[in-house]
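Let us take a friendly walk through one protein chain, from its overall outline down to single residues. Keep the picture beside you as you read.

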Amino acid sequence: MTAKKPQHLPNFSIQKKEFNINDFILSKELLINEDIIIDPFYCNECQSIFKNFSSCNNCKKLICLDCIGKYCKFCKNYYYECGIDKNLISLLNNIKLKCPLICHNTFLYKNLKEHVMKYCPNTTLIYTCFFCEKKFEIIPNKTDLSLLEIHNQKCEDVLLQCSFCEIVYKRNEIKNHLNVCQEKFIYCTECKLEYKLKFESPHKEFFCKVIKKEKEDINKIIEEFKNKDI
Ligand SMILES: [Zn+2]
Ligand SMILES: [Zn+2]
Ligand SMILES: [Zn+2]
Ligand SMILES: [Zn+2]
Ligand SMILES: [Zn+2]
Ligand SMILES: [Zn+2]
């Protein structure tokens, strides 16, 4: 019994992981010029160079948006956000960094997102199984791609085409279908011919007997013919 995968159906759709700056630890080691690390750019809470940052209305110190509590960590007052000094932002934006994905490229802080999404060879790709929507994180040239092939062979939702009736079924349904597919050919041990399952009763009740009878008659004639010759 055979089942094949329809050619026109892809197995995996591929997309880049969405950019989320919080996925990165921007440690001090990423700075090209370590002298430049001055406290205003470094968050002690997350041990990272500022990501999405904000400023305390009271003491004006910078803090990561994700590290803000109800109260300012520095002046202990209730935290109110205020506009950030443009000079500080521009200084931070122009700090040179090594890639946090360790691709050995360098770029300005303001180009981090662009680098990671467009240029970094170490960007993670998300492969989504077209059939069951399971996701796989793939790092090009690093992740062993055989895990996709293994999934492809196991995925219960993969669609397979019945080679008899050409109707498409999920992998976990096709086994049952193949037992009952009406277009399936059955080999008849009585008459030694094949018939489609949907013709089972006419075959058994009529054709098989006729064919058997004809075969027997032909054999009889052959036998008689042989005997005559001798
Ligand atoms: Zn932080
Ligand atoms: Zn404060
Ligand atoms: Zn990179
Ligand atoms: Zn799947
Ligand atoms: Zn079928
Ligand atoms: Zn038969």
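Helices and strands here are DSSP runs, numbered from the N terminus: a helix is H or I with at least four residues, and a strand is E with at least two. This is a predicted model, in which local features need pLDDT of at least 70, side-chain atom pairs count only at pLDDT 80 or more, and totals for chains, interfaces and linings use all residues. Residues are numbered from 1 along each chain as its sequence is written, while chains are lettered from A and ligands numbered from 1 in the order in which they are written.

**The overall outline**

The protein chain holds five helices and 15 strands. How far does the C-alpha trace span along its principal axes? The answer is about 120 × 40 × 20 Å. The radius of gyration tells a related story: it is taken over C-alpha atoms, and the globule rule is 2.2 Å times the number of residues to the power 0.38. For a compact globule of 230 residues that rule gives a value near 17 Å, but the protein chain has 36 Å.

Domain bounds come from an automatic or database domain assignment. For this chain the assignment gives domain 1 (3-16 + 124-178), domain 2 (26-98) and domain 3 (185-229). Between the C-alpha centres of domain 2 and domain 3 there are 89 Å.

Next comes burial. A residue is buried if 20 or more other C-beta atoms lie within 10 Å of its own, exposed if 12 or fewer, and partly exposed in between, with C-beta atoms placed from the backbone. Of the 230 residues in the protein chain, 12% are buried. For contacts, the test is that the C-beta atoms of two residues, placed from the backbone, lie within 7 Å. Among the contacts with a separation of 6 or more, 33% join residues 24 or more positions apart.

**Two open sheets**

Two strands pair if DSSP finds at least two bridges between them. One open sheet has three strands in the order β2-β10-β11, with antiparallel pairing. Why is one side of β2 (12-16) and of β11 (135-138) left without a neighbour in the sheet? Both stand at the edges, and each has a single partner strand, so there is no neighbour on that side. From one strand to the next the twist averages 25 degrees (axes are lines fitted to C-alpha atoms, for helices over the stretch in contact, and angles run from 0 to 180 degrees between N-to-C directions).

Strand β10 (residues 125-129) pairs with β11 over four antiparallel bridges, and Thr 128 stands opposite Lys 135 in β11. The hairpin of these strands has five residues between them, and there Glu 133 takes a positive phi near 70 degrees.

Another open sheet of three strands runs in the order β6-β5-β7, again with antiparallel pairing. Here β6 (62-64) and β7 (81-82) are at the edges with a single partner strand each, so one side of each lacks a neighbour in the sheet. Strand β5 (residues 53-56) and β7 share two bridges, and Ser 55 has Cys 82 in β7 as its bridge partner.

**A nonpolar core**

A nonpolar core is a set of buried Ala, Val, Leu, Ile, Met, Phe, Trp, Tyr and Cys residues joined through C-beta atoms within 7 Å. The largest one has 15 residues, and those with the most contacts inside it are Phe 41, Phe 50, Ile 63 and Leu 92. Two or more residues each come from β5, β6 and α2 (112-119). Leaving out residues up to four places away in sequence, Ile 63 touches Cys 43, Phe 53, Ser 54, Cys 56, Ile 68 and Lys 73.

**Four residues to find**

| Residue | Place | C-beta neighbours within 10 Å |
|---|---|---|
| Ser 54 | strand β5 | 20, buried |
| Lys 60 | loop between β5 and β6 | 14, partly exposed |
| Ile 102 | loop between β8 (96-98) and β9 (106-108) | 10, exposed |
| Lys 226 | helix α5 (residues 200-229) | 9, exposed |

Lys 60 has a positive phi near 70 degrees though it is not glycine; Ile 102, also not a glycine, has a positive phi of about 55 degrees. Finally, Lys 226 and Cys 56 are 170 residues apart in sequence and 112 Å apart in space, C-alpha to C-alpha.
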